[in-house]
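Please open the structure in the viewer and keep the sequence panel visible. The stops below may be selected in turn.

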Amino acid sequence: MCGIVAGVSYRNIVPILTEGLRRMEYRGYDSCGVAVVDDGELKRSRTVKRVQDLIRQTEEDEVKGPTGIAHTRWATHGAPEIRNTHPLFSNNQIAVVHNGIIENYASLKEELIGKGYEFVSQTDTEVIAHLVHFYYKGDLLEAVENVLRRIRGAFALAISCKDEPGRIVAARVAAPLVIALGENENFAASDPMALAGVTDHFIYLEDGDVADVQQQSAEIYSLQGDQFVRVDRPVSVVQGFSQNIALGPYTHYMQKEIFEQPQAISDTLEGVVGISSSMFGHETPAMFKRLKRVLILACGTSYYAGMVAKYWLEALAKVPCDVEIASEYRYRESVPDKDTLVLTISQSGETADTLAALEHAKSLGMDMTMTICNVATSAMVKRTRAHYITRAGVEIGVASTKAFTTQLASLFLMTSAIAKEKGLLSEEEEKARLQDMRHLPEAMRAILEKENEIKEWASVFAQKNNALFLGRGMHYPIALEGALKLKEISYLHAEGYPAGELKHGPLALVDAEMPVVTVAPNDELLEKLKGNMEEVRARKGELFVFSDQGCNIQPSEGMHVIQLPENYGALSPILHVIPLQLLAYHTAIAKGTDVDKPRNLAKSVTTE
């Protein structure tokens, strides 16, 4: 969601900070700002427009200096207005940027008002600024440590003080924050990508850590009991971001990432010479033998990946599977089972609701935990006993594409490994599945060649207000994902349904103005799906059908058909989602929306 970048340097730090914000625009935001310590004063520029506007404003306002903090804000407490835009000040002495939510801000605000502090924003963040000011007695680190003992919630912070121009203090609890080590300069940021090209040496802070960042040093302290104790955290070398964030020949990051999917699948399968439970960690052979059920916890697109995995797990590995929306699971009474594998799915590995659901499951005694994740250094990976890292690379477009397909590929590998551990995968079947998976990139490229045909359909959808997406079996979650993509970036209302449910309500919506997208692979449910399609045609609904080899569905009046090059059996969902991504993308282009940064949405949801 929000993004932080801050630092202390020997040079004007503002261009580094604003470039860092620009690189984190993919996280989603509705306002942004930067503050520096310059000649013993705090100076700032803020805007409710884009980072590029902030860059121009800092130049006009002559905001510059070697110590600074910057922020992109996704509104939680308070509307996206200048008064709520970070950095927030207290008495022109303390400057704060903050990601997350302070749960006890109301009582703290009342206390501070009683002490004479005036609040000018609607945010919970201003409580932090005033608290730091209240505790400040000449040592910023000590003041922040006192504040951390008072506030509750999930947050990442970066704080500066006009009286200590060569220092920032950063802290995190349940929100991502890294310390970046440069040459004669040091930084803090929500994402290493913010500082690509500035440094490749990073320290990943752990929950409860506070960092004292100065030009020549970065010292980490951890809250142990009621005391902060100096600790050493490992330094990681993270490279390769710069080329990943270049658009190249593409117009938008989403388009680029759709076309990167063949390579992302190849990278995710790199080094896989055989299917083995040990691919997921040294503990997984015993866990896979022991498990009797699988519980999948995820949000959004990752939840739909989990829904597809449920079909695979029950059909191929004969393991019962439940798929839960993470934000719902943690707030209801469930029946724990110590022989259940708890599997989380997350692109970022920092999704707040999924992390909380994972911890809830562990608190119930379910200790077999695993994650499918795209970030090896994430909290999700650290908090689970086993993992498989997708190699989708950096995904900047808010609407997930290549992260989804690499999650599916990883989940199919996991399903096959469980099946093998339970004696349900023969040597011949293992070879066949691996061969099919290795052919996926080529099959994907063939589908991407259909882009121009799909683009023609998009011009029709751009004129509509609603759309239905239908699928059956393991393609029902693909219909849901197609509807979500269309909603996310074109702002067109779309719903996904199991095609067999048409007569139970959705058919009432079908008329000549309702386009109906149908995912129609050549499988055992095809004939039933054809019956559902005829129900739509009888109500003058306009069908847009993605079929594949052998389906024998021909274009006719009210029936538009794009045939995918081949049928891919159990792996078909990985292929059938690609044309739905392209349909959403080109519909959004036709409507003129902001494809990579759709309104009101954030890439990584790090608060509840």
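Begin by selecting helix 2, residues 51–61, where Glu60 is found. In this predicted model, Glu60 counts as exposed because its relative accessibility is 63%, over the 50% cut-off. Extend the selection to Glu59, Asp61 and Glu62: together with Glu60, these residues form a patch of negative charge on the surface.

Next, colour the chain by pLDDT. The average is 92, and 98% of the residues score at least 70. Confidence is highest in strand 16 (residues 293–298), at a mean of 98, and lowest in helix 6 (residues 241–244), at 53. Where pLDDT is low, the predicted coordinates should not be read in detail.

Turn then to the salt bridges, of which the structure holds 40. Select Arg230 and Glu219, whose side chains meet at 3.6 Å, N to O. Arg230 belongs to strand 14 and Glu219 to strand 13, so the pair ties together parts that are 11 residues apart in sequence.

Proceed to strand 16 and select Arg293 with Asp322; their side chains form a salt bridge of 3.0 Å, N to O. Asp322 lies in strand 17, and the two residues are 29 apart in the chain.

Finally, select Asp339 and Lys292, a salt bridge with its closest N and O atoms 3.7 Å apart. The two residues lie in separate loops, 47 residues apart. Which partner is buried, and which is exposed? Asp339 is buried, with a relative accessible area of 12%, whereas Lys292 is exposed at 54%. Both belong to a network of salt bridges that also links Glu283, Arg290, Lys338, Asp367 and Arg385.

Note on methods. Residues are numbered from 1 along each chain as its sequence is written. This is a predicted model: local features need pLDDT of at least 70, side-chain atom pairs count only at pLDDT 80 or more; totals for chains, interfaces and linings use all residues. Side-chain values use heavy atoms; hydrogens and water are left out. Patches are made of residues with over 30% relative accessible area and no salt bridge: like charges are joined within 9 Å, nonpolar side chains (Val, Leu, Ile, Met, Phe, Trp, Tyr) within 5 Å. Accessible areas come from the Shrake-Rupley method with a 1.4 Å probe; for residues, only the protein chains shown count as cover. A salt bridge is a side-chain nitrogen of Lys or Arg within 4 Å of a carboxyl oxygen of Asp or Glu. Lys and Arg count as positive and Asp and Glu as negative; His and the chain ends are not counted. The place of a charge is taken as NZ of Lys, CZ of Arg, CG of Asp or CD of Glu. Helices (H or I, at least four residues) and strands (E, at least two) are DSSP runs, numbered from the N terminus. Buried means under 20% relative accessible area, exposed over 50%, partly exposed in between (1.4 Å probe, protein chains only). pLDDT is the predictor's confidence in each residue, from 0 to 100.
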